Amino acid sequence: MKIVILGAGRVGASVAESLVSERNDITVVDTDVAQLRQLQDRLDLRTVAGNGTHPPVLEQAGIEDADMLIATAARDETNLVACQIAARLFNVPTRIARIRAPEFQAHSEITGEGGFYVDHLICPEQTVTDYVRKLIEFPEALQVLEFADGRASLIAVRAYAGGPLVSHPISDLRAHHPDIDMRVVAMFRNDRSIRPEGNTMIEPGDEVFLLAPSEHIRTALSDLRRMDKPVRRVMIAGGGNIGLRLARSLGSDYQVKIVETNRNRCNYLVTQLPASTLVLNGDSTDEDLLSDEGVSDSDLFIAVTSDDENNIMSCMLAKRMGARRTIALINRQAYADLVEGNRIDIAIVPSQTTIGQLLAHVRRGDVVAVHSLRRGAAEALEAVAHGDAKSSKVVGRRIEEIDLPRGATIGAIVRPVADAGVAGRRGERREAAEVIMAHHDTVIESGDHVIVFVENRRMIPKVERLFQVSVGFF
């Protein structure tokens with residue numbers, strides 16, 4: 001695809017890096033010449049210096065024949081205006097805007113047709129907040145990702161010595177829970193992929209990716225981990241956009257303390273958060289402050305400031321002082337790889353949690369959801385099967401008959417059920433469906449949502465081709 005990216009900051013650069021690796025034709029527009037030069041030195045792409053809301057600059061970037069505009073500039077207004085110009089002047093087919101203000105998400109009449117003509121809104125801060133919320137809900141997991149409107153979940157967990165099914169073959173899962181169907185779709189041992197067969201042993205320290213209906217996640221976790229106590233006391237370092245969203249989402253259900261260095265920001269946080277949330281003005285790397293505020297009694301310490309080094313140091317300090325679990329937001333992937341699993345339990349790279357939202361719109365075929373795994377090395381996607389046995393390479397075939405590339409695994413199928421619909425999690429009506437764990441003789445039907453795990457992203461184009469129907473189908 002030919003894609004124009006507006007903004008060469010952290011989000012724009014990470015999006016560009018991911019899309020360039022998949023052989024897309026990328027042009028990045030920004031006013032910061034130095035940032036553009038650094039990006040061009042690292043990646044095979046074009047850059048254009050200028051304001052992305054000016055039509056001549058967009059023309060120079062090749063917007064006239066672009067397939068997609070991804071606007072990731074620092075200001076919401078810039079991104080919205082750029083999408084409007086791309087739609088009304090240049091008829092760009094797909095327009096995606098990164099926004100920070102939640103008010104824009106709540107008013108589609110402003111951003112959609114007749115407004116700013118944005119096809120898809122992405123909010124990295126909200127994505128990271130939702131990601132952390134899942135880790136708070138399931139503290140034993142390294143990652144929790146949802147598919148099919150929350151009906152199925154993929155969990156990553158570190159196998160713990162003494163877990164009921166650790167040091168047992170994978171086939172014992174079925175015997176241990178005969179009434180619950182779950183599937184190990186991938187395993188990594190010392191960063192090497194281990195193909196999960198029935199007789200494959202799960203060893204302590206293995207990183208196991210397990211797919212199950214969402215209501216059975218806790219059962220799946222209990223097989224591989226000692227269940228932790230529920231999280232009740234949370235300390236957040238950083239009161240920026242992510243810290244505020246996270247504290248607000250936790251509300252009065254948890255005992256929340258938030259540490260922020262800027263006094264004016266603290267005053268603002270007080271007006272935005274429940275009275276039960278304690279806002280502290282201070283430095284999260286101050287040992288005396290953490291000690292006075294009882295960090296040793298915290299179930300979870302989360303560092304989400306804009307400074308990687310501060311996040312790393314405050315988490316390491318909190319862990320040493322007795323915090324049960326620590327999570328650090330780290331923008332530099334190399335740092336995250338170095339520190340995760342030591343004094344920092346989980347390192348979150350924001351660009352990797354956000355990129356899936358964009359990839360779902362770049363993938364060929366009808367792809368509903370994409371999740372980046374293992375720092376972007378692996379991927380899980382939800383694709384809809386269309387067509388019939390003649391026009392499709394998957395419909396009407398047993399899974400064992402499908403020519404999957406090596407390293408790709410079909411984990412589950414979510415199949416629509418003829419029904420009037422059921423109530424969704426927010427009270428809206430949604431189509432009824434059943435989650436079917438994939439086995440070698442499972443037959444895929446048209447309309448099925450197929451959840452595929454790909455351990456190496458280089459195999460993605462082959463998976464995409466499987467879910468494209470032939471021209472004759474149309």
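Let's start with Ser-314, which sits in helix H13, residues 308-320. Keep in mind as we go that this is a predicted model. So, is Ser-314 buried or exposed? Its relative accessible area is 0%, so it counts as buried, the cut-off being under 20%. And what does its side chain reach? The answer is the backbone oxygen of Asn-310, at 2.8 Å. Now look at the neighbours. Leaving aside residues up to four places away in sequence, Ser-314 touches Ala-237, Ser-284, Thr-285, Phe-301 and Ala-303.

Since we're on helices, please scroll back to H1, which covers residues 10-20. This helix is mostly covered, with nine of its eleven residues buried. Among the buried ones in H1 are Val-11, Gly-12, Ala-13 and Ser-14. Further along H1, the buried residues include Ser-18, Leu-19 and Val-20.

Next, two helices together. In general, a packed pair is described by the angle between the two axes and the distance between them. Here the pair is H10, residues 241-250, and H11, residues 263-272. They pack at an angle of about 25°, and their axes are 11 Å apart. Angles under 35 degrees count as roughly parallel, and therefore that is how H10 and H11 are described. The crossing of H10 past H11 is right-handed. Which residues make the contact? From H10 we have Asn-241, Leu-244 and Arg-248. H11 brings Arg-265, Tyr-268, Leu-269 and Gln-272. If you'd like a reason for spacing of that kind, an α-helix has 3.6 residues a turn, so residues three or four places apart point the same way.

On to the aromatic rings. How many aromatic pairs does the structure hold? There are two. One of them is Phe-188 with Phe-209, an edge-to-face pair with 6.0 Å centre to centre and 80° between the planes. Phe-188 belongs to strand E9, residues 183-189, and Phe-209 to strand E11, residues 207-213, so this pair ties together parts that are 21 residues apart in sequence. Both Phe-188 and Phe-209 are buried.

The other pair is Phe-209 with Phe-453. These two rings are tilted, with 5.3 Å centre to centre and 50° between the planes. This pair links distant parts of the chain, because Phe-453 is in strand E24, residues 449-454, and Phe-209 is in E11, which puts them 244 residues apart. Phe-209 has a relative accessible area of 1%, and Phe-453, at 2%, counts as buried too. Put the pairs together and you get a cluster of Phe-188, Phe-209 and Phe-453.

Last stop, a loop with some backbone angles to look at. Where does Ala-148 lie? You'll find it in the loop between strand E7, 143-147, and strand E8, 152-158. Ala-148 has a positive phi of about 50°, although it is not a glycine. Asp-149 has its place in the loop between E7 and E8 as well. Its phi is also positive, at about 55°, and again Asp-149 is not a glycine.

What about exposure in this loop? Ala-148 is buried, because its relative accessibility of 8% falls under the 20% cut-off. Asp-149 comes out at 36%, so it is partly exposed.

That's the tour. Do turn the model around and have a look at these spots yourselves. Thanks, everyone!

Note on methods:
Residues are numbered from 1 along each chain as its sequence is written. This is a predicted model: local features need pLDDT of at least 70, side-chain atom pairs count only at pLDDT 80 or more; totals for chains, interfaces and linings use all residues. Side-chain values use heavy atoms; hydrogens and water are left out. Helices (H or I, at least four residues) and strands (E, at least two) are DSSP runs, numbered from the N terminus. Buried means under 20% relative accessible area, exposed over 50%, partly exposed in between (1.4 Å probe, protein chains only). A polar contact is a pair of N or O atoms within 3.5 Å; within protein, one must be able to donate a hydrogen and the other to accept it, and residues adjacent in sequence count only if both atoms are side-chain atoms. Contact means heavy atoms within 4.5 Å. Rings of Phe, Tyr and Trp (its six-membered ring) pair if their centres lie within 6.5 Å; planes under 30 degrees apart count as stacked, over 60 as edge-to-face and the rest as tilted. Axes are lines fitted to C-alpha atoms, for helices over the stretch in contact, and angles run from 0 to 180 degrees between N-to-C directions. Angles under 35 degrees count as roughly parallel, over 145 as roughly antiparallel, 65 to 115 as roughly perpendicular and the rest as oblique. A crossing is left-handed if the near helix is turned anticlockwise from the far one by less than a right angle, and right-handed if clockwise.
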